[in-house]
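Let's take a relaxed walk through this model, from strand pairing to the cores and a few individual residues. Have the sequence and the coordinates open as you read.

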Amino acid sequence: MTRLTILEYPDPRLRTIAQPVDVVDDGLRSLIDDMLETMYASNGIGLAATQVNIHRRLLVVDVSDDHDQPLALINPEVVEREEVDVTQEGCLSVPGIFDDVERARRIRVKALGRDGQPFEMRAEGLLAVCIQHEIDHLEGKLFVDYLSELKRQRIRKKLEKERKLRAEGHPAARPKAPAI
Ligand code: NI
């Protein structure tokens, strides 16, 4: 398995709208495994293909404590939303930043699984938030888009400063909270 490079905000490639997956084959399953490895290694609970510069409608999630419930959703589509909740979100493409975002508390999702078979699932709480956040990535959307322009400006400055420090060999201390 290979650890993939995660694009960081404001990289314009994160704005690409992903195309549907036509064929679920071994190549795609190997990409799923690489995405899961990349997500776990980065202390993430979700990762969309867009974030690793592959513009296909594919995402992986695992909100379990023991990293033993990996889930791949191919061509996912939310078909039902119930209630609204505010959760503090982070994102592997916006490292170290966390803020409140409003999303549906419960959802019903249709997708293809890693076997290529269609399935439907219900999700609520963190899993529901995570799936909605990842589907946004496939649409070229980031959680910071829900924040004010002033906040986005501050975030861009902070990340730019951190990238500079990193280039000089002084990586920023990152919080241990999971990011999606
Ligand atoms: Ni994200």
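## Strands, cores and two helices

β2 and β3 pair up in the antiparallel sense, with four bridges between them. Pairing here takes at least two DSSP bridges between two strands, and the elements themselves are DSSP runs numbered from the N terminus: helices are H or I runs of at least four residues, strands are E runs of at least two. Before going on, note that this is a predicted model, where local features need pLDDT of at least 70, side-chain atom pairs count only at pLDDT 80 or more, and totals for chains, interfaces and linings use all residues. Residues are numbered from 1 along each chain as its sequence is written, and side-chain values use heavy atoms, with hydrogens and water left out.

Back to the strands. Leu58 has Ile74 in β3 as its bridge partner. β3 also runs antiparallel to β4, and 12 bridges join the two. Val84, for its part, is bridged to Ala104 in β4.

Now for the cores. A nonpolar core is a set of buried Ala, Val, Leu, Ile, Met, Phe, Trp, Tyr and Cys residues joined through side-chain atoms within 4.5 Å; buried means under 20% relative accessible area, exposed over 50%, and partly exposed in between, using a 1.4 Å probe and protein chains only. The largest such core has 20 residues, and the members touching the most others are Leu59, Leu73, Ile107, Val109, Met121, Ala123 and Ile131. At least two residues each come from β2 (58-61), β3 (71-89), β4 (99-112), β5 (118-124) and α2 (125-138). Which element gives the largest share of this core? That would be α2, with six residues. A separate core of 18 residues includes Met35, Leu36, Leu47 and Val52. As background, nonpolar side chains in soluble globular proteins tend to be buried together.

Val109 shows what the packing looks like from one residue. Contact means heavy atoms within 4.5 Å, and beyond neighbours within four places in sequence, Val109 is in contact with Leu73, Pro76, Glu77, Val78, Val79, Phe119, Glu120, Met121 and Ile131.

Three helix residues make a handy set:

| Residue | Helix | Relative accessible area |
|---|---|---|
| Leu138 | α2 | 0% |
| Gln132 | α2 | 9% |
| Thr38 | α1 | 0% |

Leu138 sits 63 residues from Asn75 in sequence, yet their C-alpha atoms are 9.5 Å apart. Setting aside neighbours within four places, the contacts of Leu138 include Thr16, Ile17, Ala48, Thr50, Arg57, Leu59 and Pro76. With the same neighbours left out, Gln132 touches Arg103, Ala104 and Ile107.

Over in α1 (residues 26-41), Thr38 has a side-chain polar atom 2.7 Å from the backbone oxygen of Asp34. Not counting residues up to four places away, Thr38 touches Thr2, Arg3, Leu4, Ile6 and Leu47. Thr38 is one of the buried residues of this helix, alongside Leu28, Leu31, Ile32, Asp34, Met35, Leu36 and Met39. What do the buried residues of α1 pack against? They pack against β1 (46-48), β2 and β3. The length of α1 checks out too: its 16 residues at 1.5 Å a residue should span 22 Å, and its end C-alpha atoms are 22 Å apart; the expected span is 1.5 Å times one less than the number of residues. After α1 comes Asn43, whose phi is positive, near 60°.

Key: A polar contact is a pair of N or O atoms within 3.5 Å; within protein, one must be able to donate a hydrogen and the other to accept it, and residues adjacent in sequence count only if both atoms are side-chain atoms.
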